[in-house]
Amino acid sequence: MEETMKLATMEDTVEYCLFLIPDESRDSDKHKEILQKYIERIITRFAPMLVPYIWQNQPFNLKYKPGKGGVPAHMFGVTKFGDNIEDEWFIVYVIKQITKEFPELVARIEDNDGEFLLIEAADFLPKWLDPENSTNRVFFCHGELCIIPAPRKSGAESWLPTTPPTIPQALNIITAHSEKILASESIRAAVNRRIRGYPEKIQASLHRAHCFLPAGIVAVLKQRPRLVAAAVQAFYLRDPIDLRACRVFKTFLPETRIMTSVTFTKCLYAQLVQQRFVPDRRSGYRLPPPSDPQYRAHELGMKLAHGFEILCSKCSPHFSDCKKSLVTASPLWASFLESLKKNDYFKGLIEGSAQYRERLEMAENYFQLSVDWPESSLAMSPGEEILTLLQTIPFDIEDLKKEAANLPPEDDQLDQLLQEAVGKKESESVSKEEKEQNYDLTEVSESMKAFISKVSTHKGAELPREPSEAPITFDADSFLNYFDKILGPRPNESDSDDLDDEDFECLDSDDDLDFETHEPGEEASLKGTLDNLKSYMAQMDQELAHTCISKSFTTRNQVEPVSQTTDNNSDEEDSGTGESVMAPVDVDLNLVSNILESYSSQAGLAGPASNLLQSMGVQLPDNTDHRPTSKPTKN
């Protein structure tokens with residue numbers, strides 16, 4: 001039965017708020033217009049830095065949020081950064097720069113862990129500051145980190161509240177005493193060290209690699225380099241339902257593949273490289289031997305193509321492309337474009353040129369993602385965006401092949417770090433193919449036997465322990481006696497449903513039954529129970545012999561030599577039973593067969609077979625034969 005499992009990842013998010021000070025009309029319509037103007041100015045001012053950035057999940061964005069519950073109206077944004085923590089710290093840098101460029105704005109920023117800026121500077125915080133009293137104390141103002149202090153003595157500073165301040169109180173304090181709430185130099189230095197190097201640091205976070213990709217994906221990535229993130233996430237978080245769309249590719253045919261250079265973030269590249277995956281043989285994606293110099297490019301391209309195909313498979317075939325035209329027809333877009341020109345976003349490029357159109361496309365896309373649209377239908381999914389680009393951008397495969405002859409070199413520093421992380425050494429004498437050919441499947445059955453032979457009680461099963469791991473001992477009697485001395489003796493209680501450990505040990509197996517310890521009457525009763533059980537099992541075997549269930553197991557007669565089987569049959573005939581006897585099941589062979597079949601059906605994802613084997617220290621090689629799962633033969 002196919003397992004429908006999805007990899008669970010924690011959606012790490014960062015939230016940021018920008019408040020306007022001083023503010024005398026927080027609840028008026030005029031105030032809303034002012035804040036929306038600020039959103040436009042901020043996005044325009046930082047567009048050259050934000051537009052080309054490759055975000056892990058969501059970009060930096062701002063929208064107007066009306067006042068509610070004592071919190072005044074403000075600009076608000078939330079970004080899911082997922083596994084790439086650098087996205088979060090880049091946003092910290094952007095927020096810091098916004099308050100520096102616009103001194104009338106103050107900002108707060110938090111993530112799933114709360115005040116993560118204080119966590120970064122934990123070694124330098126004052127003793128009075130802790131998670132319980134840090135609410136609404138940490139702000140960015142004039143490009144500097146500020147912490148609203150608590151009064152040292154009651155009534156010493158009348159302008160400081162004795163409890164954590166509310167947002168209005170904090171804004172009033174910042175307006176009147178901004179010079180007195182500046183965080184200490186050591187705290188500011190700790191945060192500044194984390195964001196040092198931006199915006200130049202953005203380029204250092206990128207990784208360029210050669211990929212063997214279908215021509216359509218090459219053309220899409222030339223127009224939208226950021227879509228590589230959506231494709232990697234689609235592949236990284238795939239499930240068996242997603243992979244159904246990749247059995248036979250409909251959008252990105254493998255026959256059109258060409259070599260190209262793809263820009264990833266280091267996080268995205270690591271996610272793509274570290275996942276083991278074998279494509280469906282029906283997909284048409286074939287990989288060269290691992291020893292081939294271009295094996296990595298083929299493997300990366302295959303994985304990325306699966307991600308793009310999954311994205312497109314989630315779209316309706318008759319989706320409308322009017323969303324983009326609605327975005328560019330907005331009056332906000334006209335003013336946004338004019339502001340971009342004033343800030344030299346196009347770098348003097350001739351209007352209508354290829355490079356000008358490329359930067360214009362990036363600006364349109366970022367404008368659509370960053371501006372809060374009242375019509376939710378305006379948001380295009382990555383798959384819709386990809387299909388729209390395939391329909392609108394012309395590309396020539398021959399031209400792309402010519403470009404493939406002059407690709408920039410790959411970055412190799414990250415590959416070396418990843419190889420060291422997984423313990424791969426260039427000096428290894430045994431190749432991957434040799435290890436897989438010499439793999440002994442008896443290790444699977446022996447590990448399972450060791451697991452089954454462990455004691456299992458009502459407390460659960462024990463996994464095989466490494467020799468270096470010392471068992472944990474706990475003397476329950478001494479522990480209870482200690483409390484008896486303190487609390488006094490406990491009343492005698494009995495519960496017929498409660499069984500102690502000795503009772504469970506007696507139920508572990510039939511071998512533990514010792515008839516010598518029982519009275520003659522009890523011994524006869526136990527023997528009668530066992531005889532009845534054996535008779536019942538024999539009747540079940542006879543009933544199952546007339547069904548097809550036996551065909552689902554491999555028996556010893558199917559793997560032993562014919563002569564041996566014949567001898568066994570003659571022995572059975574000589575016994576004179578006259579009844580059909582079921583051939584004994586080969587337990588080891590069936591165990592290994594079922595585990596391998598379950599492991600293969602996981603398609604590289606987490607699942608019960610891989611989890612169980614990993615807990616027992618068994619690492620199976622990749623399934624590279626591309627054949628349907630079948631019963632292995634016993635040597």
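The following dialogue examines selected residues of the structure and the criteria by which they are described.

Visitor: What kind of model is this, and how are its residues numbered?
Guide: This is a predicted model, in which local features need pLDDT of at least 70, side-chain atom pairs count only at pLDDT 80 or more, and totals for chains, interfaces and linings use all residues. Residues are numbered from 1 along each chain as its sequence is written, and side-chain values use heavy atoms, with hydrogens and water left out.

Visitor: What makes Lys201 and Glu86 a salt bridge?
Guide: A salt bridge is a side-chain nitrogen of Lys or Arg within 4 Å of a carboxyl oxygen of Asp or Glu. The N to O distance between Lys201 and Glu86 is 3.8 Å, so the pair meets that definition. Lys201 lies in helix α7 and Glu86 in helix α3 (residues 85-101), so the salt bridge ties together parts that are 115 residues apart in sequence. Helices here are DSSP runs (H or I, at least four residues), as are strands (E, at least two), numbered from the N terminus.

Visitor: Why is Lys201 called partly exposed?
Guide: Buried means under 20% relative accessible area, exposed over 50%, and partly exposed in between (1.4 Å probe, protein chains only). Lys201 has 25% relative accessibility and therefore counts as partly exposed.

Visitor: Which partners and burial states belong to Glu385 and Arg224?
Guide: Glu385 forms a salt bridge with Arg224, with the closest N and O atoms 2.7 Å apart. This pair links distant parts of the chain, since Glu385 is in helix α16 (residues 382-392) and Arg224 is in the loop between α8 (215-223) and α9 (227-236), 161 residues apart. Glu385 is called buried because its relative accessibility is 7%, and Arg224 is likewise buried at 5%. Elsewhere, salt bridges that share partners join Glu86, Arg194 and Lys201 into one network. The count by this rule comes to 13 salt bridges.

Visitor: How do you know whether Arg108 and Glu110 are buried or partly exposed?
Guide: Arg108 has a relative accessible area of 8% and is therefore buried, whereas Glu110 has 29% and is therefore partly exposed. The two residues form a salt bridge, their closest N and O atoms being 2.6 Å apart.

Visitor: How do you know that Asp111 has no salt bridge?
Guide: The nearest side chain of opposite charge, Arg194, is 9.9 Å away from the buried Asp111. For this purpose Lys and Arg count as positive and Asp and Glu as negative, while His and the chain ends are not counted. Asp111 is placed in strand β4 (residues 105-111). A polar atom of the Asp111 side chain lies 2.8 Å from the backbone nitrogen of Asp113. Asp111 also touches Thr13, Val14, Glu88 and Phe116, leaving aside residues up to four places away in sequence; contact means heavy atoms within 4.5 Å.

Visitor: What makes the backbone at Asn136, His142 and Pro199 notable?
Guide: Most residues other than glycine have a negative phi, and most peptide bonds are trans. Phi of Asn136 is near 60°, a positive value, and phi of His142 is near 55°, also positive. Asn136 is in the loop between α4 (116-120) and β5 (138-141), and is called buried because its relative accessible area is 14%. His142 is in the loop between β5 and β6 (144-147), and at 44% is therefore partly exposed. A cis peptide bond, with omega about 5°, joins Tyr198 and Pro199. Pro199 lies in the loop between α6 (185-194) and α7 (201-204).

Methods: A polar contact is a pair of N or O atoms within 3.5 Å; within protein, one must be able to donate a hydrogen and the other to accept it, and residues adjacent in sequence count only if both atoms are side-chain atoms.
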